[in-house]
Amino acid sequence: MVELSALPASDTIIAGVGARTASGLTALQVTMSARAGKFAPRESHMVDREGEPIATARLLSIADNVFGLERFAALAAPPLVQAAHPWVAAQQKRAEGAGLRVFLALPPASRPGVDPMLRAQLLPLLASRTRLPLDTARSAVVSGCRGGGIAAFEMAMGALASGEEAVLAGGVDSYFDPDVLEWLDGERRLHGPSTENGFVPGEGAAFVLLVARRRAGPFERLGQVLSAAVEMEPNPYGSDRPRLGVGLTRAVRRAVAAVGARSRRIPWVMTDVANERHRVDEWMCAMGRNHRAFSEDVVHDQPLLKTGDVGAASAALLAAMAVTRWQARCAQADVALVAASSDTPERGAAVLSVDPGVG
């Protein structure tokens, strides 16, 4: 464990989390199910090229004939309310207040099966469904898949630095769509007897409430975000050139450098690596080139192996899991690096820790 006295204090406080996947309807359920190794993918009515049912990690509470915008709204609304609750409680003690800005990661529009209405209509629909006073006009959507989740954190931290009291950063995604599954099957990326290094397609959403330290008085300080960095990979998935982890290497280096020399040896890593060989290789390249940043006994957690791949929700989900484990006193360490890599060029890394000001 890193000594709390060695941790720098960040201006970005984590004050609330929410999560929803096939393995749980709250951040606590999702986190503890993954920690316990509980994972039960279900066969679907959709079949692969060999005529076998495709197994997915999808929510039982959402009907199998619901796709696109409606499915994403059903996934995102509950964890959005969970994460925003501390802010709502604080606002109730005031006569009036500004709306809450949201920075939301979504799958890239170039991915087959992505509903074109998501980018324009999801946030207004979530504001209507949740009845939260979201400032949709000043919110932002990042269509960058897994790495886009780190970009959402980066944008949220920028908003706090510009004077916002509190913002939400998160992501939502679902691979449960006929066109998406057909594409993954055609690319031989679905885990199965003939694709050992494929992944289990999942779905989920996660949000983190971030508050400026100078205005964090009414909130419980669950943790802090020390840094967030996004870089572009010159040879992403589908490139004919070798993938050497250049973008992820740079993102990790920049995220860790912002933490400070005294606490740069990171003891706990949480990545979105979910069995695909090219993603494993890319992470190993990035970790090897930044080996001085990690402790000799660094723990590499891969929670998506127990939730299914949740795409654009990955970064926020990993952050929510780290915070939940700190709250439950079962974390691997007081500092965690979260890393995420998209099929598109975005690569991201963020460093989170407990708040040294909390005894």
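**A tour from Ile13 to two helix pairs**

Select Ile13 to begin: this residue is buried, with a relative accessible area of 0% (buried means under 20% relative accessible area, with a 1.4 Å probe and protein chains only). The model is predicted, so local features need pLDDT of at least 70 and side-chain atom pairs count only at pLDDT 80 or more, while totals for chains, interfaces and linings use all residues. Residues are numbered from 1 along each chain as its sequence is written, and side-chain values use heavy atoms, with hydrogens and water left out.

Ile13 belongs to strand E1, residues 12-21. Helices (H or I, at least four residues) and strands (E, at least two) are DSSP runs, numbered from the N terminus. Now show what surrounds Ile13. Beyond its neighbours within four places in sequence, Ile13 is in contact with residues including Leu209, Leu210, Val211, Ala216 and Asp355 (contact means heavy atoms within 4.5 Å). Add Leu222, which is 209 residues from Ile13 along the chain; the two C-alpha atoms are separated by 7.4 Å.

Next, select helix H1, residues 27-35, whose buried residues are Ala27, Val30, Thr31, Ser33 and Ala34. Viewed down the axis of H1, these fall within an arc of 165°, so they line one face of the helix; the arc is that of the directions from the helix axis to the C-beta atoms. The cover over them includes E1, helix H2 (68-91) and helix H8 (314-327). Just after H1, look at Gly37, which takes a positive phi of about 75°.

Keep H1 and add H8. Their axes come within 9 Å and cross at roughly 85° (axes are lines fitted to C-alpha atoms, for helices over the stretch in contact, and angles run from 0 to 180 degrees between N-to-C directions). H1 is therefore roughly perpendicular to H8, a term for angles of 65 to 115 degrees. On the H1 side, Ala27, Leu28, Val30, Thr31, Ala34 and Arg35 meet Leu317, Ala320, Met321, Thr324 and Arg325 in H8. These residues divide into seven nonpolar, two polar and two charged (Ala, Val, Leu, Ile, Met, Phe, Trp, Tyr, Cys and Pro count as nonpolar, Asp, Glu, Lys and Arg as charged, and the others, Gly among them, as polar).

Finally, select helix H6 (residues 246-257) and helix H7 (residues 277-289), whose axes come within 8 Å and cross at roughly 40°. H6 and H7 are therefore oblique to each other; oblique covers angles that are not under 35, over 145 or 65 to 115 degrees. In H6, Val246, Leu248, Thr249, Val252 and Arg253 meet Glu282, Trp283, Cys285, Ala286 and Arg289 in H7. Six residues of this contact are nonpolar, one is polar and three are charged.

How values were computed: Buried means under 20% relative accessible area, exposed over 50%, partly exposed in between (1.4 Å probe, protein chains only).
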